[in-house]
Every structure is written in C-alpha cells, then in structure tokens.
Amino acid sequence: MKKESDLIAAQFLPLPQAMFHILVALAEKDQHGYAIMQDVAARTGGKLKLSPGTLYGSIKKMLEDGMIQEIETRLGASSDDERRRYYRLTRFGRQVAAAEAERLSAMLSHARATGLVPKRT
Amino acid sequence: MTPTGFPTRLYRALLACYPAEFRNEYGPEMLELFRFRAQKENAALLWMELLADIAYTAPKEHLDVLLQDLRYTFRTFARTPVFALTALLTLALGTGVNTAIFSVVNAVVLRPLPFPQPERLARIWEMNQKLNIPFFSTSVLNYLSFREQAKSFEAIGAYGGANVNITGAGEPERLAGGTLTSSLFDVVKIHPISGRCFRPEEETPGRGRVAILSEKLWRRRFAGDPHIVGRSIELNGAASEVVGILPDSFRFPPTAEIWAPMPIDAAHENRGNHVVTTVGRLRPGVTLAQAESEMKTIAAGLGNTFPQSNEGWSVRMATFYDWIVPEEIRTALTILLGAVGLVLLIACANVANLMLARAAGRSREIAMRITLGAGRSRLIRQLLTENLTLGLAGGIAGILLAFWAVAGLKRILPPSVPRVSEIGVDGMVLAFALLVSIFTGVLFGIVPILQATRRDLAGSLKEGGRGSISSRPILRNTLVILEVAVGTVLVIGASLMIRSFVNLHNVQLGFNPDRLLTAQISLPRRKYPQAAAIAFYQDLLDRLKSASGVTGAAISSGVPFGAGDYTDMPARAAGDDGRSSAEQTQADWRIVSDDYFKVLGIPLLRGRFMTRQDAAGRPIVIVSAGLARRLWGNQEAVGKELEVGDARERLTVLGVVGDARNNAVSDEPSAAMYFPASAMTWSTMTVAIKTDGDELKAAELLRRKMKELDANQPIFNVRSMEQWVAANAAEPRAYTFLLSIFAGLALLLACIGIYGVLSYSVAQRTSEIGLRMALGARQWNVLQLVIRQGMFMVAGGLLLGLGGALALARLIRGMLYGVSSHDPQPFVGVSVSVLLIALAACLLPAMRSTRVDPVVALRSE
C-alpha cells in the first residue's frame, strides 16, 4: 500500500520537464536560480537552457506546491551570494522527483521490451 | 558587476509584462540572471530567447493569477449565496433589457441598408408649398422628365403599387404587388436570385406580360419549384410569364410579393396624376444637396413648360436611410435605449451598494490580507476579478433573458417600425452585451474597491470584526438618492406617455368603429367594366343587407385608417356668377355608397344623404363640416357648388356630414369630400358591414355572398374597424408599454435599493438603537429615526428626479398627444406615489429597528 503523500505526489505526474530538471539540480545541494540554470545546462550538455520566465515560473509553482522551499542564507555564502535566494528540495519534492523518475524508468523499460530502444548491455 | 546599461533597462522594462506579484518576487533575480548571461552569451541569440520566453511565460503567469482569483471568487460567492444571487439577478435584468433594446436599435437603426453603397440612394418626392403638400408621389411623365434631364444621378427608377389576383393552380389569392421600371434595378442594385430583371421594352403597354416573384411567394405558393422561371402563371385572369425571382430584401413597395413591368404610355399619361414612387442613385461624388438643387431647377423648368399641371410643384429629396428609418423612430428608440440605460445604472448602483455592504463585512479580511503583504494592486486585481466575474455572469444570464425578450419585442413592435423582422441577437448584439457586462462590472465595482483598499487598516483590525463603513454612509446614501432620481425620471416619462396614450384612445374619431367588419374586393376592369362593377357591388350590398345579423352594409374606396385608396385633391368654392374662388384647399376624397354614413355612424349635419337615384342627375358631392367651413365659412353649404381637381369639375353639395379622422388618430380630421358609388367605383373597394354580433363572424358571410356572385373573386385585408384603429395607435401603444415596464423596473430596483441600505444601516446601528432605547427612547422615536434617514434620501432623489424629468419631457414632447410636457399633474402625482412607495420600503427596516432588545444589543458590544 502506498503512503498518502505518495498518492499526492502522483497527482503532479507527469512533471513538466523544467520542473524535473530543477528538482534533480536541487537533489545534490541547495542552489540559487542562476546556479540551477547552469547545472541543468551542464547536465544536458548545453541542450536545455532554462530561460528566466520558465525558471522562475517553475520555482514559483514548486514553492506553492511545497516541492521546494526558500532558505534564508546559505552557510559560508560570499557577500555576493547573500543577495540571492537559495532553494532547497523538500521531502515532498524528493517524493515527486522519485515518482517522476520511476515513471520515466518504467516507460523506458516498456520501450526496451518492445525493442524500440536497444537493451542495456 | 556591469553597470546598468541600455539592455538591462530594456529587459527591466519588459519584465512589466509579468503580473506585479511575480515581478516583485522574482524580477530582481531575473535581472541579475540576465546580466550574467549578457556578459557571456551572443546578444542576438540571447534576446531572441528572452523575447520568446516573455511571450510564452508572461501570459501563463497572468492566467495563473486569474485562475487563482477565480477560485477565490467562487469560494466567496458560495459563502454568500444570497448576495451573489441578488447581484446576479439585478445585473441580469439590467443587461437583459439593454441587450434586448439594443438588438432593436441594431436591426432598425444601425445595420446598413441591404443595398450596395446605400448612401448614394435617394428618395425623390414632389412637393407643393402653396397647396401645403410637403411630400407627394411623382407623376409618370415627371419621372420621365427627371430621368431625361437630371445629370446628378447614375440611374433613376420608379415603382407603383399594383395588387393582383392570382388564379389557376391553387386557391384564388389576392397578392400585394408592384409595377417597376427596368431602371429601378440599376438604382437599388438588387439582382434576381434566379432569372432576370425587367427589360426597358417591356414597359411598352401590352408587351409586358411578364412577372417576377418574390422569394417568399415562390417558396409559399410554388413550393420553391426550381423550374418556375419561364413558366406561365395566371394574373388578373391573363397569362404572365415568370422571368425571375427576387430576394426578400427587395421591398418596393414594402409588402409586395409579385411584380410586373410598369406600363408607360407617355401619349396617354396625365402629368398631374401623381402615382409613382421615384428613387435615384447619385453619381459618385455628387451630394444629396447638389442633386436636390439640380432637381428643383428641373422642376421649375417643368412648371414653366407645363403650367397647367406643374405650376408650384417642386422636388425634395432624402437619403434612403432617412426615408426608410424615419427620424421619429430613431428618436423613439433612442429614448427607449436611454431608459434601459438608466435601468442599468440603477441596477449598478444597487449592486454597488450590496458590494459596499459586503465590503464592510469583509473589511477585516481585506485589512488582514494587506497586513500579510498582499499589495494594494494585487488586491484591486482580485476585487476586479470578482466584479468582472459577477458582471459577466450577469451578462450571460442577461443574454438568455434577451433572447426571450427579443421574441416578445418583435410581437409588441408594430409593422410600421422598419426592419422589425430583422431584429435578433447577432454578433453585434453579443459584443454589446459583453461590453455592457464589463462596463457594469467596472462601474459597480470601482467605488467599493476604492473604499475597501483605502480604509484605515489599524482601525479595521481594532474594531473586532465589525465593519466600519457605517461611519461613512455618504457614498451609499448618494447611490440611493441617484436611484430614486433616475426612477422618478422614468416614472414621470412613462406617466406622460400613458396620459398621451389615454388621450389618443379617447379621441373623438367622428365615426363609430364598433361591430364593423371591413374587407377589400378588387374587380378586374376587363371582366367588370364600370357599369358591371357598379351593378356587382349593388347586388352584393343588397344580399348582405338581407342577411341575418347584418344591420347595414356599404362600400367605399377606402375606410378611415384602412388599407383603401384615398388621396386628396384641390377643391374650390364655385361662385354663383360662374367664376370660382382663387383660393383652393386640399381635400381628402373617397367614393362611398349611399349607406356609408349610416354604417360608419358619421352624422348628417345638414341637407340629405345620397340615394342610388342621384347618379342619374347632375354631379353631386357630400362634404365634411370642416370642408364646408373652409370653403364657405358660416354660410349654408347645401346647394352650393364646388370645383374639384385640375379639371375643375363642378359638383353640387347635397349634404354636410360630421368630420371624421382619416389617417392617424393623432391627426385632426381632414377636410373631406364624398362622391357617390352609384356613379363610379374604384378598381379596389372596401366593403364595410355593420353587425349586431361579433363582426369578425361576418367575414364568412361575405365570402359566401361573394362566391354566389363570382367564385373567382377573393376578398382580402379582412379586419374589424377596431383592429384598423388599434393598428394605427400601435406605435404609441408599444412605446408606452415598453417605457412603463422600464419605469416600473426602475422604481422596483430603487425601492430594493432603499430597503437594502436602510436594513443594513439598522443592522449596523443595532447597538446605537439599543442604547437610545435603554436611555428611554420610545419605539415611535426609533421608527421616526430610521424613516427620517430613509425619507431624507428619497426627498433628495425626488428633487433631482423632477429636474431630470423636465428634461426628459422636453425630449419626448414630439411623442405626446394632448399632454403638455409641463403639465404639473403627472409631476405631482408621481412625486406623491414615489414618496408613498419609498415610505413602504423604509417601513420594513424601521419596524425591525423597533424590535431591538436593548439588553441584547448592548451585551453584544
């Protein structure tokens, strides 16, 4: 039986691509907006560059839905960093990200089963 | 960090596309991000990306806010269903009546006429100032002269009315029809949907055995037969070939269903016989005034060449629009639109008051939200969303109401209002309803919004939840004062109209329309030459008179208010010495059978009625008292001679009868002459049957008697005289009815407004009233207190309203009959009524205030 929070997390699936990338970027460490953008760009080999409207629109939505939270200041932040807002993944955000990853992975294995995608060696 | 350069400033400006809340929250970071990227990335690519980003995400953010506000709105409305429903109904009523009346204005006044370049189309009348004839038809010969000489027109055409009997396949039927010149099609540029127009050579008498059907007739009588063009049909007993079908937008004359070419035999036409309607299409660039001045010159020339027929005759013109949609109708509709606009204003004021009352209750919530950081603009946006939602919901309900109201309006409005059949809810009307909804949403919302967001926060929070609006009741009271004022204006306007209508109803017609059936008969000349027609009618009248239930029967070339042919011609008093007076007067004339006056109840004042034997003797005439007075003053008219028409035929006056109204209930009786039907009949005659029971049942009798005489002769235009008279007053009746409804609605809404404000005020002042009662005030004192507050508003509104009503009365002066726009009676009467009705509205909340229990009221503090 799934937990109630898992059921709630399932309601957000499928997650918009930008949101999933942001959740992944925040999984390792708290980051500010610009760093998230760079992280995502690096992770996708420069193919996905989050534009400001999409980035902050997603951040706003995810804050409202409780997937991420804003943290006051990061420990050991430089003075330049202080003006920026940092975001941290919440437990719920982690659940949503995991559920989305599971969904994608299930889809991938279906694709492999049909021979659409080569099997992993 | 790079200094703030132009690109940064530009990007900052572009951020204004986002909702304020979002911008305030993330704007600085987005700007920061922009600066970073601007340093590193290709400027052109970056800008392309950013512009696309803004175009995509900014509307999304706005939509987000909107959905959020809508959810909040619906939650709020669900919490206060009575408020929401009251507001919704009030707005639906306001938008509904406005949309309905606008649909009339749209179809009748605004929609362009169905002709190419309608602004170049002109109606051409002849006129004669000396004879006091402001508008008159054209004679065929004058039409030909105009067409030949005028340079201002691309084309001039003419048409006349010509009803026909259609026989052959199916029941014989009488059809409204017309005769057209071939050039008319070049003027109006409406082309047949099938077949062709008439050709010029078909105007030659005897060569025009062709006909064009209206689309309606084609569908109705010929079941839309696709092969009808080229076939032969039987009209007035002779074969005619159908050459075309015209669309229903071709309305010359308005009710015609079938057309024949106008036969023009210039050698035998009479230039003084004004029988055709002439219209023209102006050349591009020629103004109406230029064309009119050219036509006047031509008319003056004709006057010199043909003084016998044309002396004193000139021309006047109007655009098709002014001709088809006369100014009186535009004025009447504008007044109705104004009236419903005022009803909408009252509805808005009521809803605004509801909102204010609710805002007072919500002041704590709003103060809390402001304190919690909701920006003022965000709050205004939220409230505006609420208002617009309410406005639009009211609008949608109003449109549903309008569909229903439009169906009713089409029944109420008489056929004399042009284009009534085209009234409907179309895109233009929907756009209007939408605009009205938005307008009302903003209008009733703006005051509460300003009030709600300007309030002193600390005060609201301290007050423990009780709204503080009662400290500033001025706004709400002002709204009620305005409502009463507007209501008063409309009620006075309506009562003036009602009085005018009653006057019209009570007017002395000069004849008795009671239990009188009228119907028309048209005997074809070919089958019934003059003598045969006279014999036919005498036989018919004899048969009718001997039938049971009939107390009298007569024929006439036209009955008052009826569809008959009647027109006027000049009449002069003939002197004993063989000379005649230079003075001539225009007199209505009609041909009547001997019993006509008895059947219509027109009294004989002097002399005697005619008999059938009079036809044999010298030409005689019966004149109305008005004509006798005009020609001979106080002298005895019986036995005197008068000259009629341009041919100056001499007739001896046999009798003088009472004046009867002829054309309009509101027109004074015209001078009239009656010629004996025993000497001649007109091609179409009206039969009038007086019965001792239900006159409409006599129609069957008439049909039966007609069949006995000639089975192929239809009767048509079968109406009771009462129906003719009622149809004549149909326009004032419709306007009076509608204005009364709107006035009643306005008064009702204003009373609801008074009631609402006082109820709220009583609720707000519970503790004050409790305190007063604890300190010894009697119930009567409290009652007085509340009523005084209410009636103070009412009195203010009434004073304002009386001023407005004076202005309205001046505006509708032209629509009033027998009522002075300054008649004090309706002003006084309505004032008293409004005061009494308003007092009733005050009384309910006032009674409630007296039931305040001081102990309970004071404990709740």
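This is a short walk through one helix of chain B, the contact between chains A and B, and a few unusual backbone spots.

Okay, hi everyone. Keep in mind that what you have in front of you is a predicted model.

Let's start with α2 of chain B, residues 20-40. That's 21 residues, and the helix reaches 29 Å from its first C-alpha to its last, close to the 30 Å expected. There is a bend, though: about 55° at Tyr26(B), with a proline, Pro28(B), following within four residues.

Now, which residues of α2(B) are buried? They are Phe22(B), Tyr26(B), Met30(B), Leu33(B), Phe34(B) and Arg37(B). Look at the numbering there. An α-helix has 3.6 residues a turn, so residues three or four places apart point the same way. And yes, Tyr26(B), where the bend sits, is on that buried list.

So what covers them? Both chains contribute: the cover includes α3 (33-43) and α4 (52-65) from chain A, along with α1 (6-14) and α3 (43-79) from chain B.

That brings us to the contact itself. Chain A puts in 12 residues and chain B puts in 17. On the chain A side, the elements giving two or more residues are α3 and α4, and α4(A) has the largest share, with 6 residues. By class, that side has 4 nonpolar, 5 polar and 3 charged residues.

Zooming out for a second: chain B is divided into four pieces, namely domain 1 (6-65), domain 2 (131-311), domain 3 (327-505 + 730-859) and domain 4 (524-712). The C-alpha centres of domains 1 and 2 of chain B are 70 Å apart.

Okay, backbone oddities. First, the cis peptide bonds. One runs from Leu13(A) to Pro14(A), with omega near -10°, and Pro14(A) sits in the loop between α1 (4-10) and α2 (17-28) of chain A. Another runs from Phe252(B) to Pro253(B), again with omega near -10°. Pro253(B) is in the loop between β11 (238-246) and β12 (258-261) of chain B.

Then, positive phi in residues other than glycine. Lys189(B) has phi near 55°, and its place is the loop between α6 (184-188) and β8 (194-195) of chain B. Phe561(B) has phi near 65°, in the loop between β16 (550-556) and β17 (567-574) of chain B.

Buried or partly exposed, for Phe561(B) and Lys189(B)? Phe561(B) has 24 C-beta neighbours inside 10 Å, so it counts as buried. Lys189(B) has 16 other C-beta atoms within 10 Å, so that residue is partly exposed.

That's what I had. Thanks!

Notes
Residues are numbered from 1 along each chain as its sequence is written. Chains are lettered from A and ligands numbered from 1 in the order in which they are written. This is a predicted model: local features need pLDDT of at least 70, side-chain atom pairs count only at pLDDT 80 or more; totals for chains, interfaces and linings use all residues. The expected span of a helix is 1.5 Å times one less than its number of residues. The bend at a residue is the angle between axes fitted to the seven residues ending there and the seven starting there. A residue is buried if 20 or more other C-beta atoms lie within 10 Å of its own, exposed if 12 or fewer, and partly exposed in between; C-beta atoms are placed from the backbone. Two residues are in contact if their C-beta atoms, placed from the backbone, lie within 7 Å. Domain bounds come from an automatic or database domain assignment. Ala, Val, Leu, Ile, Met, Phe, Trp, Tyr, Cys and Pro count as nonpolar, Asp, Glu, Lys and Arg as charged, and the others, Gly among them, as polar.
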